[in-house]
Amino acid sequence: MKRSETVKHAPFLCPCCRSALFIRTSREETPCFRSIWYQCSNLVCGATFNGNQTISQQISPSGLDRPLMQLPMAPAMERAKALQALRPKTDQLDLLDTMETSV
Ligand SMILES: [Zn+2]
């Protein structure tokens with residue numbers, strides 16, 4: 001496997017130079033918490049960082065009869081934002097969006 005296939009781009013930019021960060025490695029600490037190590041893609045900068053990723057709330061329930069874990073449900077406003085973000089992007093106006101902005 002080529003190196004380029006194993007490197008993952010992180011959703012973060014380097015705080016030092018604003019170049020893309022790569023995820024060098026990560027470790028599952030718990031089912032809802034990962035430790036992550038990042039490296040700047042700018043060879044001149046080369047800064048490294050660590051952080052974490054947390055799953056904190058549930059947007060929708062699992063379809064399983066007995067899920068291994070159930071998290072607290074996000075407030076209704078957060079669920080609405082998440083569902084809107086997951087919608088396919090089109091140029092067409094959504095009737096519900098129109099109704100929400102007119103209220
Ligand atoms: Zn950098």
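The exercises below concern strand pairing and a zinc site in a predicted model.

**Exercise 1. Strand pairing**

Determine how strands β2, β3 and β4 are paired, and give a residue pair for each pairing.

Solution.
1. Take β2 (residues 20–30) and β3 (residues 33–40): 8 bridges connect them, and the sense is antiparallel.
2. Look at the connection: 2 residues form the hairpin link from β2 to β3.
3. For a residue pair, Phe 22 lies opposite Gln 39 of β3.
4. Move on to β4 (residues 48–54), which is antiparallel to β3 and shares 7 bridges with β3.
5. Here Ser 35 faces Asn 52 of β4 as its opposite residue.

**Exercise 2. Zinc coordination**

Which atoms coordinate the zinc ion, and what is the geometry of the site?

Solution.
1. List the donors: the SG atoms of Cys 14, Cys 17, Cys 40 and Cys 45 coordinate the zinc ion at 2.3 to 2.4 Å.
2. Read off their sequence spacing, which is C-x2-C-x22-C-x4-C.
3. Check the angles: the 4 donor atoms give values of 96 to 115°.
4. Four donors are classed as tetrahedral if all angles lie between 85 and 135 degrees, so the zinc site is tetrahedral.

**Exercise 3. Accessibility of two donor residues**

Classify Cys 14 and Cys 17 as buried, partly exposed or exposed.

Solution.
1. The cut-offs are under 20% relative accessible area for buried and over 50% for exposed, with partly exposed in between.
2. Cys 14 has 0% relative accessibility and is therefore buried.
3. Cys 17 has 28% relative accessibility and is therefore partly exposed.

Key. Residues numbered from 1 in each chain as written. Predicted model: local features only at pLDDT ≥ 70, side-chain atom pairs only at ≥ 80, totals over all residues. Heavy atoms only, no water. Pairing = 2+ DSSP bridges. Helix = DSSP H or I, 4+ residues; strand = E, 2+ residues; numbered from the N terminus. Donors = N, O, S within 2.8 Å, 3.2 Å for Na, K, Ca; no water. Tetrahedral: all angles 85-135°; square planar, octahedral: opposite > 155°, others 65-115°. Buried < 20%, exposed > 50% of the residue type's maximum accessible area, 1.4 Å probe, protein only.
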